[in-house]
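Let's walk through this structure together, starting from one pair of side chains and working outwards. Keep the 3D view open as you read.

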Amino acid sequence: MAFDRQSREWLFGDEAQQRWARILAERGNAVLPTYGMIGNGERTKAPLLFVEGGVLVCPDALCLSPKAGNQWHEVKAKSQPSFSRNRRRWEHGADWMLAKEYEEVERQSGTPVWLIVYEERSPVDPGRESAVAVSGKWLGIRLTDAMRLGERRPLWPGGKGDPRNRGRDGMGGLLWPRSPMIDLLAAKPTASRPGQQVALFGDR
């Protein structure tokens with residue numbers, strides 16, 4: 001699928017990728033912005049990871065930290081989460097086939113993958129359907145947790161009204177609940193999750 005690099009959607013996502021890389025660097029991490037490494041394969045314009053037996057699409061950035069460990073970060077920019085009335089929860093989503101490919105990236109590289117979401121507007125009441133307000137939150141969840149807690153929706157994102165918009169290879173999307181996601185810029189270590197802040201940002 002070709003993207004218009006002058007479209008609001010593309011520029012919104014590109015700005016979020018660059019901002020997240022700067023945030024990581026400001027917190028003492030080294031960042032390899034793989035989102036800029038495009039056009040290195042015939043199958044896709046996305047950044048590629050060369051592995052035994054072929055290539056994989058890789059996430060947007062590789063966060064390098066000798067103390068906290070390395071991580072892949074896939075950065076998504078969302079105007080707001082969606083509310084599922086059937087499941088009575090706020091959700092975020094990603095392309096199903098890309099999520100499966102990122103699972104393989106994690107397995108083959110031995111490096112965990114995080115899904116990072118810039119949320120321009122957030123629910124006023126995260127526990128139920130409500131209005132949203134400007135927030136500029138950065139939320140994160142391990143890909144393994146998103147896969148475990150979420151599910152594949154075959155009709156995502158176009159729904160019944162747009163059958164041509166069903167994600168890569170027509171396989172739909174991965175939708176997961178917003179509630180387990182960590183507010184990354186507000187999170188502090190706790191007794192139950194002592195390593196979350198360190199795991200994402202290093203210990204500076």
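The side chains of Glu-91 and Arg-153 are joined by a polar contact of 2.5 Å. In this predicted model, the pair also qualifies as a salt bridge, with 2.5 Å between the closest N and O atoms. Arg-153 sits in strand E10 (residues 151–153) and Glu-91 in strand E7 (residues 89–95), so their pairing ties together parts that are 62 residues apart in sequence. Both partners are buried; for Glu-91 the relative accessible area is 3%, and because buried means under 20%, Glu-91 falls well inside that class.

Stay with Glu-91 for a moment. A second polar contact, of 2.8 Å, links its side chain to that of Arg-89. Leaving aside residues up to four places away in sequence, Glu-91 touches Pro-81, Ser-82 and Ser-84, then Arg-153, and also Leu-175, Trp-176, Pro-177 and Arg-178. The charged pairing extends too: Arg-87, Arg-89, Glu-91, Glu-151 and Arg-153 are linked in a network of salt bridges. In general, side chains of opposite charge can pair when their charged atoms come close.

How many salt bridges does a search of the whole structure find? The count is 17, and two more of them are worth a visit. In one, the side chains of Arg-168 and Glu-101 meet with 2.7 Å from N to O. Arg-168 belongs to the loop between E10 and strand E11 (173–177), while Glu-101 is in helix H2 (residues 96–109), so this salt bridge ties together parts 67 residues apart in sequence. The two ends are not equally covered: Arg-168 counts as partly exposed at 25% relative accessibility, whereas Glu-101 counts as buried at 8%.

The other salt bridge pairs Asp-145 with Arg-148, whose closest N and O atoms are 3.1 Å apart. Here both residues belong to helix H3 (residues 143–149), and being 3 residues apart, they are separated by about one helical turn. Asp-145 is partly exposed, at 27% relative accessibility, and Arg-148 is exposed, with a relative accessible area of 58%.

Now back to H2, the helix that carries Glu-101. Does its length fit what its residue count would suggest, and what span should you expect for 14 residues? At 1.5 Å a residue, H2 should span 20 Å, and its end C-alpha atoms are indeed 20 Å apart, so the two agree. At the start of H2, a side-chain oxygen of Asp-95 comes to within 3.0 Å of the backbone nitrogen of Met-97. Just after the helix, Gly-110 adopts a positive phi of about 70 degrees. Along H2 itself, the buried residues are Trp-96, Ala-99, Glu-101, Tyr-102, Val-105 and Glu-106.

Aromatic side chains come next. The structure has 4 aromatic pairs. Phe-12 and Tyr-118 form one of them, edge-to-face, with 6.1 Å centre to centre and 75 degrees between the planes. Phe-12 lies in helix H1 (residues 8–26) and Tyr-118 in strand E8 (residues 113–123), so this pair ties together parts that are 106 residues apart in sequence. Both rings belong to buried residues, and Phe-12 and Tyr-118 are joined by Trp-20 and Trp-138 in one aromatic cluster.

Another edge-to-face pair is made by Phe-83 and Trp-90, at 5.2 Å centre to centre and 70 degrees between the planes. Phe-83 is partly exposed, with a relative accessible area of 21%, while Trp-90 counts as buried at 6%. The cut-off for buried is under 20%, so Phe-83 falls outside that class.

Finally, step back to view the whole chain. It contains 4 helices and 12 strands, and 39% of its 204 residues count as buried. Among contacts with a separation of 6 or more, 63% come from residues 24 or more positions apart. The chain exposes about 11300 Å², of which carbon and sulfur atoms supply 50%.

Terms used. Residues are numbered from 1 along each chain as its sequence is written. This is a predicted model: local features need pLDDT of at least 70, side-chain atom pairs count only at pLDDT 80 or more; totals for chains, interfaces and linings use all residues. Side-chain values use heavy atoms; hydrogens and water are left out. Helices (H or I, at least four residues) and strands (E, at least two) are DSSP runs, numbered from the N terminus. Buried means under 20% relative accessible area, exposed over 50%, partly exposed in between (1.4 Å probe, protein chains only). Contact means heavy atoms within 4.5 Å. Accessible areas come from the Shrake-Rupley method with a 1.4 Å probe; for residues, only the protein chains shown count as cover. A salt bridge is a side-chain nitrogen of Lys or Arg within 4 Å of a carboxyl oxygen of Asp or Glu. The expected span of a helix is 1.5 Å times one less than its number of residues. A polar contact is a pair of N or O atoms within 3.5 Å; within protein, one must be able to donate a hydrogen and the other to accept it, and residues adjacent in sequence count only if both atoms are side-chain atoms. Rings of Phe, Tyr and Trp (its six-membered ring) pair if their centres lie within 6.5 Å; planes under 30 degrees apart count as stacked, over 60 as edge-to-face and the rest as tilted.
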